[in-house]
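Grab a pencil and keep a viewer open while you work through these exercises. Try each task before you read its solution.

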Amino acid sequence: MFLDRDGTLNHCFPTADGATTRPPQSIDELTLVDRAAESCARLRAAGFALFLVTNQPDVARGTQSRDRVDAMNRHMVSVLGLEGAAACYHDDADRCLCRKPQPGLILTLADQHRIDVAGSWMVGDRASDVLAGQAAGCRTVLVARTSAEPHPQDHHVPSLAAAADLILAHRHAHHATSGSRHAS
């Protein structure tokens, strides 16, 4: 299970113009979305390994330090019981392979941890998360209260808790039809 950070696992903050949002600037600002810990615990209990994958372009833009981002990611891994985290510190102009919608973060973690991406899920709140998951070969869930623009996701839900419900129901249905009892 690959999980986006900002907007999926934790809250973002409105910018001064109110038109966009910004990620938390420090651990003190880092607040989990409703039922994040419970949702992660349920997915882990069902046998899923959970990984954080996050774009952090503010590092490349010079408005955030890599040390702070890494500290927040370590905190999220610890608090939510995740297996690990991978971050892209580049901006769009860098054209790297790790910045979502590219699949680099997912594929690197999959290689390092011997994960079958075809049996995995990518959960995020932006089209770039969905596209990265699909490029890697994962099933995808868009977590967004509204869907103002069309997205190519496999599923659309209003919250992380609803994503956990959907994934667990899908897993249960798959196991009931296949007779398998092994985590995927």
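The exercises below go through strands, a helix and charged side chains in this predicted model.

**Exercise 1. Work out how β4 and β5 pair, and how covered β5 is.**

Start with the direction. β4 covers residues 51–55 and runs parallel to β5, with five bridges joining the two. Next, find a point of register: L52 faces A85 in β5. Finally, check the cover on β5, residues 84–88. Four of its five residues are buried, where buried means under 20% relative accessible area. So β5 is mostly covered.

**Exercise 2. Follow the chain from β6 through α5 to β7 and give the hand of the crossover.**

Take the strands first. β6 and β7 pair through four bridges, in the parallel sense. To see the register, look at M122, whose bridge partner in β7 is T140. Now add the helix: the path goes from β6 through α5 to β7, and this β-α-β crossover is right-handed.

There's one more thing to spot on the way. Just after α5, G137 has a positive phi of about 100 degrees.

**Exercise 3. List the buried residues of α5 and say what they pack against.**

Helix α5 spans residues 127–136, and its buried residues are S128, D129, V130, A132, G133 and A136. Before moving on, recall the helix geometry: with 3.6 residues a turn, residues three or four places apart point the same way. Look for that spacing in your list. As for partners, the buried residues of α5 pack against α4 (104–113), β6 (121–124) and β7 (139–143).

**Exercise 4. Explain why β7 counts as largely enclosed, and find its other parallel pairing.**

Count buried residues first. β7 has four of its five residues buried, so the rest of the structure largely encloses this strand. Then look at its pairing with β8, residues 155–157: the two strands run parallel and share three bridges. One matching pair here is V141 and H155, the latter in β8.

**Exercise 5. Go through the salt bridges and note how exposed the partners are.**

Here's the idea to carry along: side chains of opposite charge can pair when their charged atoms come close. The structure holds 10 salt bridges, and three pairs make a good start.

- R22 and E29 meet at 2.9 Å, N to O. R22 is partly exposed at 25% relative accessible area, and E29 is partly exposed at 24%.
- R35 and E38 meet at 3.1 Å, N to O. R35 is partly exposed at 42%, and E38 is partly exposed at 36%.
- D165 and R42 meet at 2.7 Å, N to O. This pair links distant parts of the chain: D165 lies in helix α6 (residues 160–178) and R42 in helix α1 (residues 36–45), 123 residues apart. D165 is partly exposed at 38%, and R42 is partly exposed at 28%.

Now go beyond pairs. D4, K100 and D129 are linked in a salt-bridge network. You've met D129 already, as one of the buried residues of α5.

**Exercise 6. Which ring does the charged end of R171 sit over, and how many aromatic pairs does the structure have?**

Begin with the charge. The charged end of R171 sits over the ring of F48, 5.4 Å from the ring's centre. Then turn to the rings: searching the whole structure gives one aromatic pair.

Notes: Residues numbered from 1 in each chain as written. Predicted model: local features only at pLDDT ≥ 70, side-chain atom pairs only at ≥ 80, totals over all residues. Heavy atoms only, no water. Phe/Tyr/Trp six-rings, centres within 6.5 Å; stacked < 30°, edge-to-face > 60°. Lys NZ or Arg CZ within 6 Å of the ring centre and 35° of its normal. Buried < 20%, exposed > 50% of the residue type's maximum accessible area, 1.4 Å probe, protein only. Pairing = 2+ DSSP bridges. Salt bridge = Lys/Arg side-chain N within 4 Å of Asp/Glu carboxyl O. Contact = heavy atoms within 4.5 Å. Right-handed = clockwise from strand over helix to strand, strands pointing away.
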